[in-house]
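Got your viewer open and a cursor ready? Let's take a walk through one structure, stop by stop, selecting a few residues at a time.

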Amino acid sequence: MPCLLTKARVFRVLPHRIALNHCSFQSITDSYANYLEIYARDQAFHSGRILHAYLIVNGLVRSTYLSSKLIVFYAQCGRTSDARHVFDGIPKTNFRRWIVMIGAYSRCGLYEETLAIFHEMQREGLKLNIFVVPSILKACGNLSDRKTGEKIHSAILRNCLDFDAFVDSALVDMYSKCGRVEKARLVFDRMPDIDLVAWNSMVSGYAQQGLAREAWDLVNKMRLMGIKPNLVTWNALIAGFSSVGDDVMVWDLFRMMRVDGFEPDMVSWTSVISGFVQNFRNIEAFYAFKRMTSCGVLPSSVTISSLLPACSAVADLRRGKEIHGYALIIGVGKDVFVSSALVDMYAKCGFIFEAAKLFEKMQERNTVTWNSMIFGYGNHGYCVEAIDLFYQMVEFKAVKLDHLTFTAVFTACSHAGLVEVGHNLFQLMQEEYGIKPRLEHYACMVDLLGRAGKLGEAYDLIKAMLIEPDSFVWGALLGACRNHGNIELAEIAAKHLFQLEPNSAGSCLLLSNLYADAGSWGNATKLKKMMKRKRLKRNPGCSWMESV
DNA sequence: TTAGGGTTAG
């Protein structure tokens, strides 16, 4: 704890000693609160810790006001155990500490921690109030935790906390983010006073669900009612139309917002770039990025991490390197999102050792960073490295393993033919990590068993599935049957594939080739004739080369 | 105490 620092040392290192004798208690408290706010904003952990020590030494930490600032500071620096320590130091009778703690965690994006504290508050039998509910709902929305969100909605109704502008706006936002936009609209329509935040929550709700037209209709309605959209409203619309790929409307919105007195900012441009990338329009994304910088708008780490997948998609290493350099110049090169996107970019462009070098050098890594590197190794045939990295991730414990981590390691096991390892990890995923197998996990496992010639086991796994198998799962089985010449199972797999994808030529061709290999020419011809009758054609593969 | 933009698979 910081209190280990001596008073003398604290005074020597504190850059902002205040002449205590000449100030009132209030102004001293305000000054330190200001410093803590600055340190929180800049995430200056070291300086804040020293100030904390100073506050302890001088007995100022007993002030609930300063303790609240300390909690916000530690939460902002991601130091939850330190925030917790300060929280525990505030008298239990002070209800405000819950509001501060939940609010700080929620605002800093520590949503799981927010809900954990909320559950603790409930266990202590404390009632909700209008100040704490919006932060909890924000956490539910961002975690897509609809069940908890609905429970809180019931509690709001039971405790008559509705008809508060903050609570209602937060409810609209929570339902929208959980994909229940119609429920959000119900809450919205029942609001007695709809303020700008509530309008924007509803507009964003439609936009985030891809309902750009509905968002646009709502903005027109709000304008008819005499409420002027602000930059947040315009950006929500831009994000909505960008995500559905309607670039004509996006550029129209740019023009309209300028008429309204708003200049597109970094968020507006980032939404456009992100929309282009998501709609596989990489050239337009680069063009938008160029226009953004020529308009004098400085890109952020979000802009860069949205743009980098455009380089990965077409394996454009030259552009990727340029953006890497640019990110370093503007000071976002070490951001964990940017670095993760860079690891992925280098791996997808074939520079796996460059990706590994970057990965090793990173000071902070999250789940996506690890997953990208494991995928990278697996896709380049470095299966041992991929599996080794997976075990390092397990040992590291600081980051959570998710469903993609397992997809990545199963793919590696499959390529290396490590049936036993893959099988054990499939069990581990469910039993140790509580991750329910998804379709892609089953597809990997069927592929793994199939490659090893264990076709019966692969089929048994499909039969035991708790979810309906898709074309990837049956496709993996059919592919394995083709390699091992098992006509009986191939016919079963193909039957399901024909039902799932009646217009796909791939499975017909596979089965027909299998018949041909086995000398069953009659069946092969029958299939080819059926393809001709249905006018099924194979989609030719294509690849993209970029000269470096 | 509430509203806008982000990276990984097939």
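Our starting point is the second largest pocket, which holds about 360 Å³ of space. To find its middle, select Gly333, Lys334, Leu358, Lys361 and Met362: of the 15 lining residues, these are the closest to the centre. On a 1 Å grid over the protein atoms alone, a pocket is an open set of points with protein on both sides within 12 Å along at least five of seven lines, a cavity is a set where a 1.4 Å probe fits but cannot get out, and lining residues have an atom within 4 Å of a point. Grid points are joined across faces, edges and corners, and the volume is the space filled by probe spheres set on the points.

A word on the ground rules: this is a predicted model, where local features need pLDDT of at least 70 and side-chain atom pairs count only at pLDDT 80 or more, while totals for chains, interfaces and linings use all residues. Residues are numbered from 1 along each chain as its sequence is written, chains are lettered from A and ligands numbered from 1 in the order in which they are written, and side-chain values use heavy atoms, with hydrogens and water left out.

**Around the pocket**

Now colour α19 (317–329), α20 (336–348) and α21 (352–361), each of which gives at least two residues to the pocket lining. Helices (H or I, at least four residues) and strands (E, at least two) are DSSP runs, numbered from the N terminus. Which element supplies the largest share of the lining? That's α21, with 4 residues. By class, the lining has 5 nonpolar, 4 polar and 6 charged residues. Here Ala, Val, Leu, Ile, Met, Phe, Trp, Tyr, Cys and Pro count as nonpolar, Asp, Glu, Lys and Arg as charged, and the others, Gly among them, as polar.

**Zoom out**

Show the whole of chain A: you'll see 31 helices and 0 strands. Its C-alpha atoms fill a box of roughly 100 × 60 × 55 Å along the principal axes. Of its 548 residues, 47% count as buried. Buried means under 20% relative accessible area, exposed means over 50%, and partly exposed is in between (1.4 Å probe, protein chains only).

**Aromatic rings**

Next, select Trp251 and Phe254, which sit 3 residues apart in helix α15 (residues 247–259), about one turn of the helix. Phe254 is buried at 2% relative accessible area, whereas Trp251 is partly exposed at 24%. Add Trp269, and you'll find an edge-to-face pair with Phe254, at 4.9 Å centre to centre and 75 degrees between the planes. This pair links distant parts of the chain, since Trp269 lies in helix α16 (residues 266–278), 15 residues from Phe254. Rings of Phe, Tyr and Trp (its six-membered ring) pair if their centres lie within 6.5 Å; planes under 30 degrees apart count as stacked, over 60 as edge-to-face and the rest as tilted.

For a bigger group, select Phe390, Tyr391, Phe406, Phe410, Phe426, Tyr433 and Tyr442, a cluster linked by ring pairs.

**A cavity by the same helices**

Go back to α15 and α16: each gives two or more residues to the lining of the largest cavity. Select Ser242, Gly245, Asp246, Asp247, Val250, Val272, Gly275 and Phe276 to show that lining. About 40 Å³ of space lies inside. The largest share of the lining, 3 residues, comes from α16.

**Charges**

Select Arg319 and Phe286: the charged end of Arg319 sits over the Phe286 ring, 4.1 Å from its centre. That label needs NZ of Lys or CZ of Arg within 6 Å of the ring centre and within 35 degrees of the ring normal. Arg365 lies over the face of Phe359 too, at 4.4 Å from the ring centre.

How many salt bridges does the structure hold? There are 21, each a side-chain nitrogen of Lys or Arg within 4 Å of a carboxyl oxygen of Asp or Glu. Try Lys400 and Glu112, which meet at 3.5 Å, N to O. These two are 288 residues apart: Lys400 is in the loop between α23 (383–396) and α24 (403–416), and Glu112 is in helix α7 (residues 111–123). Lys400 is exposed at 56%, while Glu112 is partly exposed at 46%.

For the last stop, select Arg84, Asp88 and Glu120, which are linked in a network of salt bridges.
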